[in-house]
Amino acid sequence: MTIPSFVIGIAGGSGAGKTTVARLITENVGESVMRIPIDNYYKDRSHLDMAEREQLNYDHPSAFEWELLYEQLSELMEGRAVEMPQYDFEIHNRKPERETVEPTDVIILEGILALYDEDVNEMLDLRLYVETDADVRILRRIQRDAIDRGRDLQGVIDQYLSTVKPMHEQFIEPTKKHADLIIPEGANSVAVTLLEEKVQAEVEGEETRTWERGAIEREVQDRTSFRGSGN
Ligand SMILES: Nc1ncnc2c1ncn2[C@@H]1O[C@H](COP(=O)(O)OP(=O)(O)O)[C@@H](O)[C@H]1O
Ligand SMILES: Nc1ccn([C@@H]2O[C@H](COP(=O)(O)O)[C@@H](O)[C@H]2O)c(=O)n1
């Protein structure tokens, strides 16, 4: 039975680069790490038709089923498998089937509001916030939603202005204060390398659960100031 030893939360605005950071820091550790997208915990909307679902606010905390996320995280932390919901962005609803997920050494919880819920926050050993300018994020979102997902461009713009942007300012950006480490644009290779090393060490059993909050932040500062000093 695996009891997870390290849980990382990665928050940040839509298109900030959360998934990219999660992928980069776990690339070399195989199946010992599991990524949990918070999107999987969007509420079940089967009672609504497609037109109604299209109109929902998906950036407000009330769009998520926090109790289920907390319950399933707790189960995983105790070494038990869970039946995790799966989300389908095409139909704006959960898929009918769930996926059996076994606990792994390291868990990464990733999503716009990964640092929002107090109970969930307490379960995290390391809290990251990926910070990227709004103009870059909307361009990435247009690319993904209008071009890759085939959504109507005007709809993408309307959704951004009516819910994505205001909810970001009201709920997502303020969670930055809970972060141990803020990663600018996810492109911070110093932070990514350090986090990769940390995840690798957890997986190889070199670390204990005596994680000292702020340790990575200090090391990023040390490594960055060393580079900046011109030595
Ligand atoms: N540091 C970066 N530099 C350039 N492009 C990036 C960077 N991080 C992410 N991207 C790109 O931006 C898009 C959104 O990234 P993603 O990680 O899916 O964001 P999020 O999970 O926060 O919505 C993807 O196409 C990804 O390849
Ligand atoms: N049916 C849905 C559900 C969510 N969204 C948007 O997804 C964004 C979160 O995912 P990221 O990978 O971009 O972080 C969020 O901003 C929702 O608006 C959606 O468009 N449709």
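Reader: How much area does the chain expose, and what share do carbon and sulfur atoms supply?
Author: The chain exposes about 11,500 Å², and 48% of that comes from carbon and sulfur atoms. Accessible areas here are from the Shrake-Rupley method with a 1.4 Å probe, and for residues only the protein chains shown count as cover. Bear in mind that this is a predicted model: local features need pLDDT of at least 70, side-chain atom pairs count only at pLDDT 80 or more, and totals for chains, interfaces and linings use all residues. Residues are numbered from 1 along each chain as its sequence is written, chains are lettered from A and ligands numbered from 1 in the order in which they are written, and side-chain values use heavy atoms, with hydrogens and water left out.

Reader: OK. How many helices and strands does the chain have?
Author: Eight helices and seven strands. They are DSSP runs numbered from the N terminus (helices are H or I, at least four residues; strands are E, at least two).

Reader: And what percentage of the residues count as buried?
Author: 48% of the 231 residues. Buried means under 20% relative accessible area, exposed over 50%, and partly exposed in between (1.4 Å probe, protein chains only).

Reader: Let's go to ligand 2. Which residues are closest?
Author: Ser14, Lys18, Asp59, Arg141 and Arg151 are the closest of the 16 residues that surround ligand 2. A residue is near a molecule or strand if one of its heavy atoms lies within 4 Å of it.

Reader: Which polar side-chain atom lies 2.8 Å from a nitrogen atom of ligand 2?
Author: That one belongs to His92. On the oxygen side, a polar side-chain atom of Arg144 lies 2.8 Å from an oxygen atom of ligand 2, and an N or O atom in the Arg151 side chain is also 2.8 Å from an oxygen atom of the ligand. The protein buries 95% of the 480 Å² that ligand 2 exposes when taken alone.

Reader: Now ligand 1. What does Thr20 do there?
Author: An N or O atom in the Thr20 side chain is 2.6 Å from an oxygen atom of ligand 1. The side chain of Arg140 has an N or O atom 3.1 Å from a ligand oxygen atom, and a backbone N or O atom of Ala16 lies 3.2 Å from one.

Reader: How much of ligand 1 does the protein cover?
Author: 60% of the 560 Å² of accessible area that ligand 1 has on its own. Helix 1 (18-26) and helix 5 (134-148) are the elements that give two or more residues to its shell, and helix 1 gives the largest share, three residues.

Reader: Switching topic: is Gln86 buried or exposed?
Author: Gln86 is buried, because its relative accessible area is 16%. Gln86 sits in strand 3 (residues 82-88), and its side chain makes a polar contact with the side chain of Glu99 at 3.4 Å. A polar contact is a pair of N or O atoms within 3.5 Å; within protein, one must be able to donate a hydrogen and the other to accept it, and residues adjacent in sequence count only if both atoms are side-chain atoms.

Reader: Last thing: which residues touch the most other members of the largest nonpolar core?
Author: Ile36, Phe64, Leu69, Leu73 and Leu109, out of 34 residues. Such a core is a set of buried Ala, Val, Leu, Ile, Met, Phe, Trp, Tyr and Cys residues joined through side-chain atoms within 4.5 Å. Helix 3 supplies the largest share of this core, six residues.
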